[in-house]
Amino acid sequence: MPVTHFDLALRRPLAHGHSFGDAGPYEELKGRLRFAVDPAHDANRRITDIGLAPRNRDGRVEFAADVSILMPVDPARGSGRVMLDVVNRGNTVAMPNFNHATRPTLGVDSDPHAID
């Protein structure tokens, strides 16, 4: 899917700048990815009702998705691998289950951008 734009809403050190082995400290990026896809492309035809969606001037269907990225502050120190979590109803599962980490509890009034 062609990404057309990344709207960065938050950039902060992960775990208060703690260093993680050879990769060093990480940062968290949160924002919104914007996409534009060709509804006639074979890979997109399986998307329910995509042919009924409004199209932009180039004939593509536009949509957006929230994204949270954890990456080394110095990308050269990273492994070059990515772990992707495709969420359902906003419930992230990969990171809380990775290495038996705990899952934060968010209530109605919780700030998802707050630093512990």
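This report walks through the fold, the strand pairing and a few individual residues of the structure above.

**Overall picture**

What you are looking at is a predicted model. The protein chain averages a pLDDT of 86, and 84% of the residues score at least 70. Confidence varies from element to element: strand S1 has the highest mean pLDDT, at 94, while helix H1 (residues 94-97) has the lowest, at 70. As a general caution, the predicted coordinates should not be read in detail where pLDDT is low.

The protein chain contains four strands and one helix. Reading from the N terminus, the order is β-β-β-β-α. The chain has 116 residues, and 17% of them count as buried. About 9,400 Å² of the protein chain is exposed, with carbon and sulfur atoms supplying 53% of that area. Contacts also reach across the sequence: among those between residues at least 6 apart, 58% join residues at least 24 apart.

**How the strands pair**

Strand S3 is a good place to start, as it turns up in each pairing described here. S3 covers residues 24-37 and runs antiparallel to S1, with nine bridges joining the two. One position to look up is Leu8, whose bridge partner in S3 is Gly31.

S3 also pairs with S2, again in the antiparallel sense, over two bridges. Here Phe20 stands opposite Gly24 in S3. S2 and S3 form a hairpin with three residues between them, and Gly21 in the turn has a positive phi of about 55 degrees.

Finally, 12 bridges join S3 to strand S4 (residues 61-72), and these two strands are antiparallel as well. Tyr26 has Pro72 as its bridge partner in S4.

**The loop between S1 and S2**

Strand S1 spans residues 3-13 and strand S2 residues 19-20, and Ala15 is found in the loop between them. His16 has its place in that loop too, and so does His18. The table lists how accessible these residues are.

| Residue | Relative accessibility | Class |
|---|---|---|
| Ala15 | 42% | partly exposed |
| His16 | 62% | exposed |
| His18 | 45% | partly exposed |

Which backbone feature deserves a look at Ala15? Ala15 has a positive phi of about 55 degrees, although it is not a glycine. His16, also not a glycine, likewise has a positive phi of about 55 degrees. For context, most residues other than glycine have a negative phi.

Which residues is His18 in contact with, leaving aside its neighbours within four places in sequence? They are Gly24, Pro25 and Tyr26. Two of these names have already come up: Gly24 is the residue opposite Phe20, and Tyr26 is the bridge partner of Pro72. His18 counts as partly exposed because its relative accessibility is 45%, between the 20% and 50% cut-offs.

**A charged-residue name to check: Arg12**

Is Arg12, in strand S1, buried or exposed? Arg12 is buried, because its relative accessible area of 12% is under the 20% cut-off. The side chain of Arg12 joins that of Glu28 through a polar contact of 2.7 Å.

**In short**

The protein chain combines four strands with one helix. S3 takes part in antiparallel pairs with S1, S2 and S4. In the loop between S1 and S2, Ala15 and His16 are worth viewing for their positive phi, and Arg12 for its contact with Glu28.

Technical notes: Residues numbered from 1 in each chain as written. Predicted model: local features only at pLDDT ≥ 70, side-chain atom pairs only at ≥ 80, totals over all residues. Heavy atoms only, no water. Buried < 20%, exposed > 50% of the residue type's maximum accessible area, 1.4 Å probe, protein only. Contact = heavy atoms within 4.5 Å. Areas by Shrake-Rupley, 256 points an atom, 1.4 Å probe, with all protein chains shown as cover. Pairing = 2+ DSSP bridges. pLDDT = per-residue confidence, 0-100. Polar contact = N/O pair within 3.5 Å; in protein donor to acceptor, adjacent residues only side chain to side chain.
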